[in-house]
Amino acid sequence: MSILSLLQAAPNTSTTGSFGSLIVTVVLMIGIFYFFLIRPQNKKQKEMEKMLSALKKGDKVVTIGGIHGVVSSTKEKTVILKVDDNTKLEFSRSAIASVVNPEAEKQGAGKASKDAKADGAEKKSENKTENK
């Protein structure tokens, strides 16, 4: 018995079923890529563009290189940052990574000082109990 006779003896199978399942699988994969990769990236890019267009004088920002500064002035495609008393640097708007929220810094500093006060109170109470 040769291989040719085995192939001829095989039952006729329909390729439309396997082709349909292939199409469904490809569409499913494209959907997964869209919802997990493409869509979130587009949302993030729109948020970044909105943040960059809303930059104004006095905003505290961080560049993609990690330089912290205050916006001194803005131009169409660039931003001038004041990084020290007499130092100003000009950056492309796309080099701004984030705007630092001064309210969050105040809350964080307030929380840190409250935590330090609480730690100090705990240590005092521990010292009193050890002395007794």
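Here a colleague asks a modeller how the labels on this predicted model were assigned.

Colleague: What should I keep in mind about the model and its numbering?

Modeller: The model is predicted, so local features need pLDDT of at least 70 and side-chain atom pairs count only at pLDDT 80 or more, while totals for chains, interfaces and linings use all residues. Residues are numbered from 1 along each chain as its sequence is written, and side-chain values use heavy atoms, leaving out hydrogens and water.

Colleague: Good, thanks. How many helices and strands does the protein have, and what makes a run count as one?

Modeller: There are three helices and five strands. These are DSSP runs numbered from the N terminus: H or I with at least four residues for a helix, E with at least two for a strand. Along the sequence the pattern reads α-α-β-β-β-β-β-α.

Colleague: How do the strands pair, and which of them are edge strands?

Modeller: They form an open sheet of five strands in the order S4-S3-S2-S1-S5, with antiparallel pairing. Two strands pair if DSSP finds at least two bridges between them. S4 and S5 (96-100) are the edge strands, as each pairs on one side only.

Colleague: What makes S3 and S4 a pair?

Modeller: Six bridges join S3 and S4 (residues 87-92) in the antiparallel sense, set against a requirement of at least two. Val79 has Phe91 as its bridge partner in S4, and Asp84 has Thr87. The two strands form a hairpin with two residues between them.

Colleague: Why is the pair Tyr34 and Phe35 called edge-to-face?

Modeller: Rings of Phe, Tyr and Trp (its six-membered ring) pair if their centres lie within 6.5 Å; planes under 30 degrees apart are stacked, over 60 edge-to-face and the rest tilted. By this rule there is one aromatic pair. The ring centres of Tyr34 and Phe35 are 5.1 Å apart and the planes stand at 80°, so the pair is edge-to-face.

Colleague: Is Tyr34 buried, exposed or partly exposed, and why?

Modeller: Buried means under 20% relative accessible area, exposed over 50%, and partly exposed in between, with a 1.4 Å probe and protein chains only. Tyr34 has 37%, so it is partly exposed. Of the 132 residues of the protein, 14% count as buried.

Colleague: Which residues make up the largest nonpolar core, and what makes it a core?

Modeller: A nonpolar core is a set of buried Ala, Val, Leu, Ile, Met, Phe, Trp, Tyr and Cys residues joined through side-chain atoms within 4.5 Å. The largest has ten residues: Met51, Leu52, Leu55, Val61, Val71, Val79, Leu81, Phe91, Ala95 and Ile96. Helix H2 (15-53) and strand S3 (78-84) each supply at least two of them.

Colleague: How do you know that Asp59 and Lys56 form a salt bridge?

Modeller: A salt bridge needs a side-chain nitrogen of Lys or Arg within 4 Å of a carboxyl oxygen of Asp or Glu. For Asp59 and Lys56 the closest N and O atoms are 3.2 Å apart. Asp59 has a relative accessible area of 12%, so it is buried.

Colleague: What about Glu90 and Lys75?

Modeller: Their closest N and O atoms are 3.5 Å apart, which is a salt bridge too. This pair links distant parts of the chain: Glu90 lies in strand S4 and Lys75 in the loop between strand S2 (68-74) and S3, 15 residues apart. Glu90, at 47%, is partly exposed, and Lys75, at 42%, counts as partly exposed. The structure holds two salt bridges.
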